[in-house]
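Thanks, everyone. I'll take a few minutes to walk through one structure, starting with the overall fold and then moving to a single residue. Please have the display in view.

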Amino acid sequence: MLSFAEIVGDLANHDLDVFSFTASDLDQLRALDHPVLLDVEAADGVRRVVALRSLGADEAELEGVVASGPVRVSIDELNRYWLGDAHLVWRDFEPLPGTLD
């Protein structure tokens, strides 16, 4: 598994940026309606980053939990392991200057 710093570095190599934020609950992520990276405490107690691919009413699809591919977990299970931090991956498709005149 890659560390968060390695993930951010790899994304930067593909001209992608990461905006990190703390969400109060999963409803904020539902409103965002965009895949995000989540900080979770894995079953072994280690903090890891997984990709939230989709978020339904009863379950979520995560990538990066197991090497074999995406897994579906219940919302209750996601809430139990999610630490509240999220990271939005985006591309600056229209660079703006530091100040607008």
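The main element here is an open sheet made of six strands, paired antiparallel, and the order across it is E1-E6-E2-E3-E4-E5. Keep in mind that this is a predicted model. At the edges of the sheet sit strand E1, residues 17-22, and strand E5, residues 69-74, and each of these pairs on one side only. Going from one strand to the next, the twist averages 35 degrees.

Next, the helix. Helix H1, which covers residues 4-13, packs on the sheet and touches E1, E2, E3 and strand E6, residues 82-90. The direction of H1 makes about 140 degrees with that of E1.

Now look at one pair of strands. Strand E2, residues 36-41, and strand E3, residues 47-55, run antiparallel, and six bridges join them. To take an example, Val-36 has Leu-52 in E3 as its bridge partner.

That brings us to the residue I wanted to show, Leu-37, which lies in strand E2. Is Leu-37 buried or exposed? Its relative accessible area is 12%, and the cut-off for buried is under 20%, so Leu-37 counts as buried.

What does Leu-37 touch, leaving out residues up to four places away in sequence? The contacts are Ile-7, Leu-11, Val-49, Val-50, Ala-51, Asp-85, Ala-86, His-87 and Val-89.

One last distance: from C-alpha to C-alpha, Leu-37 and Arg-53 are 8.7 Å apart in space, and in sequence they are 16 residues apart.

That is all from me.

Methods
Residues are numbered from 1 along each chain as its sequence is written. This is a predicted model: local features need pLDDT of at least 70, side-chain atom pairs count only at pLDDT 80 or more; totals for chains, interfaces and linings use all residues. Side-chain values use heavy atoms; hydrogens and water are left out. Two strands pair if DSSP finds at least two bridges between them. Helices (H or I, at least four residues) and strands (E, at least two) are DSSP runs, numbered from the N terminus. Axes are lines fitted to C-alpha atoms, for helices over the stretch in contact, and angles run from 0 to 180 degrees between N-to-C directions. Contact means heavy atoms within 4.5 Å. Buried means under 20% relative accessible area, exposed over 50%, partly exposed in between (1.4 Å probe, protein chains only).
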